[in-house]
Amino acid sequence: MAGLTIFSIAVSMFVLFSVEHLRNEVRANFERAVSGVDIIAGARTSQLNLLLYSVFHIGNPSSNVSWQTYQQLSQNKAVKWAIPISLGDSHEGFPVVGTTKAFFNHFKYADQHAIQFKHGGTFDGLQEMVIGSEVAKALEYPLGHQVVLAHGTGKVSFTKHKQFPFQVVGILTATGTPVDQSVYVPVTAIDAMHTGMTTSTLRQHISKERTVAGEHEHEFTQHAQHIEHSHQASSEQERSIDEKQAHPNDSVHFEDSENTGYANGPALSAIFLGLNNKISTLQIQRAINTDQEAPLSAILPGVALAQLWSIMAGVETSLSLVSVLILLAAMLGMLTMLLASMHERQREIAVLRALGANASVIVLMMECEALFLAFSGCILGYMMTNIGIALFADLIQSQFGLVINPLPYSDAIIGYTLLGLGLSALLALGPALSAYKSALNSGLSVR
Amino acid sequence: MSFAVDIESLSFTWSKNNSPTLTIPRWQVRTGEQVFLRGQSGSGKSTLLNLLSGVCIASEGRLSVLGNNLASMSSRQRDQFRAQYLGVIFQQFNLLPYMSAKENILLGQRFNKKAHKSSLSKSEERYQYLGETLGLSQKLLSQQASTLSVGQQQRVAVARALISNPQLIIADEPTSALDTEHRDKFIELLLNQCHADNTTLVFVSHDQSLASAFTQQTSMSLLNTIVEPEPPVAHHAN
């Protein structure tokens, strides 16, 4: 019976620990997903939607951002770097992200950690791709593997871009972020793929487009130019590194298509911006949000995450409350067990009284038993949580993209353990006082 | 002449009752005497034992045990008095099944402050003496109480009652669940130890056939004026 009580307390503590740990891990996972990005710009939508689809690949953009807008933003003197993000395709259920090499150069995760390659390197050719660590693990693709992407973001797609295959040229190291579960291809390849171009038609198209010159200065550029005066030299230098890396390749080089702006350029889902001066972040954000020519939403990732947590706070509190109620139910089970065992204990109590134990010893004995049961339950619950994490961490990471670390013995865990012990001590007072009363009244005459 | 038990005009009423359960005008037990106390169910035997052990306190009258007025003691003092001077043997012996025989025997020492203060060797000496006298081998003493035979439990129960060298032993129907052979052995063992240590014994039982082995026999119906007199045959022992 005591074993069953310990087990029921352990299950409650397991739920309590798991909810608390998952809550912290989800928050940590979200917070580590993006770092160093000052502004995320996208089509007009709520800041949460923009954050969720652009960084976490949850949901869809309401509209697209034009390639021209990206170019104008990236050429703004206040902008140190810009990363175009194009979503909407998938491969075996993993989202495909169309981007440029700037992504691998500037995007950071966790505490300013740069993305690194485990094998190979970034894409140079238009039909080259880089895959995240989880994708590589799940699909077991080696470098050089040929891949066909599917239209749409679902796991099952009836439309595949067979005319436009890709080759795996890089595998990223694990980051514990949505990057691990993504497939990265040149942004221009996304557009080429959707317009039905083959490699040869694309090469002809680029050649033709190169003769067209001239760029239109956007109103936004004029509006934002006066904001930023410093860091001009460094930003231009970095842009030149990103955009002017030329590589000898017999296939179509993706920068060729990007820089010549064939057709109207690829449609984008979002743009990540890094600024030269953090002080100007709010001014740039306002400038983007109020631009009449290109209606965009610009968000600060940190602020959007804070809004997400404020929305989630109610859910988190509810989960914690349910966990505490489960713990309370287990403690009531323990109370029932202690009360039920009182009859059997009469003999033991009588023996102790006869041997000279005073009534307070009986109370102390009951309290110690309750604390022992609760503490054993807490330890078992802690072990169960860690065993659960060890068993299901990989599954959770592959299914939900969440990295769940082993449960540390943190202040929160100690707090919940103390809560369990305190509750058990409090609830055991009933049986303990009953035993005390019984010890006083029944005397030595128990049969 | 000193008295181990000296009762005068004693009355006891349980808190939930209006009328007294026990009324004893006068009863004395000399030191070293072995008393056989017989009584029917509900005659107040257990109440009397609770009063003698200090677990319950008399509502009226005087009760002196080993020269101490228990009513004037605090609850804690009475507990200590019990640990130090009294030994109790229960019906079915009531050993704690999750403890070894040795732990059962030495359990009372934990509550006996005097035993704590005295040297460990003295307690160990007494433990060794009882073990040898009662035929308790080291192997048997290390066994769980629940694994012991009835005869072994008897001896462990006696050792537990005698470990603190008590001056008064209260035995509450300890032979009621025993067959004749075990019962006789137990009585012999207990009385021998009481004689050897000059310990006073109050032995409660229904079994009239045991009465002759004791130096004093009495009936609860004679002591407790509230209890109706037993039929004449039952009074024969007195």
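1. A good place to start is the helix pair: Met331(A), Met334(A), Met337(A) and Leu338(A) of α12(A) touch Glu369(A), Ala370(A), Leu373(A) and Ala374(A) of α14(A) (contact means heavy atoms within 4.5 Å). By class, this contact holds 7 nonpolar residues, no polar ones and 1 charged (Ala, Val, Leu, Ile, Met, Phe, Trp, Tyr, Cys and Pro are nonpolar, Asp, Glu, Lys and Arg charged, the others, Gly among them, polar).

2. A word on the basis: this is a predicted model, where local features need pLDDT of at least 70 and side-chain atom pairs pLDDT 80 or more, while totals for chains, interfaces and linings use all residues. Residues count from 1 along each chain as written, chains are lettered from A and ligands numbered from 1 in the order written, and side-chain values use heavy atoms, without hydrogens and water.

3. Now the geometry: α12 (residues 301-340) and α14 (residues 359-400) of chain A pack at about 140°, axes 11 Å apart (helices are DSSP runs of H or I, at least four residues, and strands of E, at least two, numbered from the N terminus; axes are fitted to C-alpha atoms, for helices over the stretch in contact, with angles from 0 to 180 degrees between N-to-C directions). The two helices are therefore oblique to each other (not under 35 degrees, over 145 or 65 to 115).

4. Do look at the lining of the largest pocket too: it has 13 nonpolar, 15 polar and 4 charged residues. β2(A) gives the most, with 4 residues, and α14 of chain A is one of the elements that each supply at least two.
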